[in-house]
Amino acid sequence: MSATTPSNAAVAKLIQEYEANITNRSRRVASIELSKWTTEEVKGVMDQLVPRTKRKGSDEPCGPEFNHLNTSLKSTLMIQFGIWSILSLGTIFLLPMQVGAALYLLLHGRLSAIWRELPKPTALLFDWSTGLHAFVKAPMSLVKKSIEREEALCVNRKGKFMLRKHGYAVLSHVWGETMGWNTEDSWGPVELGLRKRGLAYHHFLKFFRRCDAEWLWVDVLAMPAVYEDMSTTEKANIETLRTGIINCLHAVYSRADKVVCLDSLLLRLQSGSMVDVAVILLLGRWINRLWPFTETKLAKRVILKTEDAAFDLDEIIIFLYETVYNEDHRYFHILARLAPLRPVPLGFRIWLDYLARPGTSEPDLFREIYSGCENRLCDVEIDQTRALFPVLGLKWIAGWTLQEGLHHIADAYPDDKELLLKYCHYRSIQHEIQ
């Protein structure tokens, strides 16, 4: 890592004026990826961010709007009264028009349309009004079948679940942004009773509004959660199911039509520039988490969503390849950070030969893993090993420790032990690999 210079410090300070809790990320990116940028150039990018609206609870673009459920009798009755009031008034409003339409269709002999089309407005109203207080949660029977069949447990906009081998998208996100609470006036973590109910429907729809897909695979829905009040046996059973899903992730990610990245910082960007997108992506949390590397590496396509557009990560990387002509180019370190995430195009491997196996021009998976996982964090220590298994095509065993996972990788890839040890050293993992 390059030493911080006065100009780097000025760039980091500038970035921090646009986003809270970004000190470490801003310093790293300023000292490496933006080390050849001026403060004026960086400001031009940061000015494209839409200011974050401050509100109680989560103010993330895809964050939850509440973290506790008021279960008092008075609150419950008020909610039910409100829902039925909306439904009743809407039905009364629609009824005269539906009766008039029915008479018109009857006079013109279009009987089938009366029972096929006329009920639709009322049905849509019913779905909308009941959805105001509905929750989405995957049936446990389908979770088990998804493991048995190695298929993706997907959900559509209406909250209906289906096992699929194709025709779906994967949602890639940071749970702390989409499921957590991290504002100054937050109410704390989401309460247990609310988590057990699943995703609030109106929160769930925020994902669909941005993913442009009929069917979506969402990890927080497809993977059952371990709750604090479970017995030891219950927790062990859920962990076995979670392991089964992890062992299906290679198939889930590689079969998907696309992986859609929802990064909170990127979702505030209003710009048509691929360079702007690359810079903001590097400053976001998504690229600093370990599991998104796995999702991105195995995907057919990776779509980066901004406030008002969508960008293909491959197209951004190819643009950088075509623009960067040597290591002194100011985009070089941006390219070096993004390139290991995706297959290196044949015509551009010369620029990043450190990703190739020594003595060849063929990509080296372990070198790509080492470079692609640089500066990526995870909340669960064991995931430092487990997150690599889908990329390496390996199967995890329930109950394994981090060390057992490392030994399995070393046994499966004996020629790559040196890079595996380098990976462990970089991440300060105590290992017993010889």
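Trainee: Which side chain of opposite charge is nearest to Asp219, and how far away is it?
Mentor: This is a predicted model, where local features need pLDDT of at least 70, side-chain atom pairs count only at pLDDT 80 or more, and totals for chains, interfaces and linings use all residues. Residues are numbered from 1 along each chain as its sequence is written, and side-chain values use heavy atoms, leaving out hydrogens and water. Asp219 is buried (under 20% relative accessible area, 1.4 Å probe, protein chains only) and has no salt bridge (a side-chain nitrogen of Lys or Arg within 4 Å of a carboxyl oxygen of Asp or Glu). The nearest side chain of opposite charge, with Lys and Arg counted as positive and Asp and Glu as negative, is Arg242, 9.0 Å away.

Trainee: Which side chain makes a polar contact with the side chain of Asp219?
Mentor: Good one to look up in the structure! Beyond its neighbours within four places in sequence, Asp219 is in contact with His173, Trp175 and Glu295 (heavy atoms within 4.5 Å). The polar contact (N or O atoms within 3.5 Å, one able to donate a hydrogen and the other to accept it) spans 3.2 Å, and the partner is Trp175.

Trainee: Which helix gives the most residues to the largest nonpolar core?
Mentor: That core has 116 residues, and Trp217, Ile334 and Leu338 have the most contacts inside it. Such a core joins buried Ala, Val, Leu, Ile, Met, Phe, Trp, Tyr and Cys residues through side-chain atoms within 4.5 Å. With 8 residues, the top contributor is the helix (a DSSP run of H or I, at least four residues) spanning residues 274–283, α14.

Methods:
Buried means under 20% relative accessible area, exposed over 50%, partly exposed in between (1.4 Å probe, protein chains only). Helices (H or I, at least four residues) and strands (E, at least two) are DSSP runs, numbered from the N terminus.
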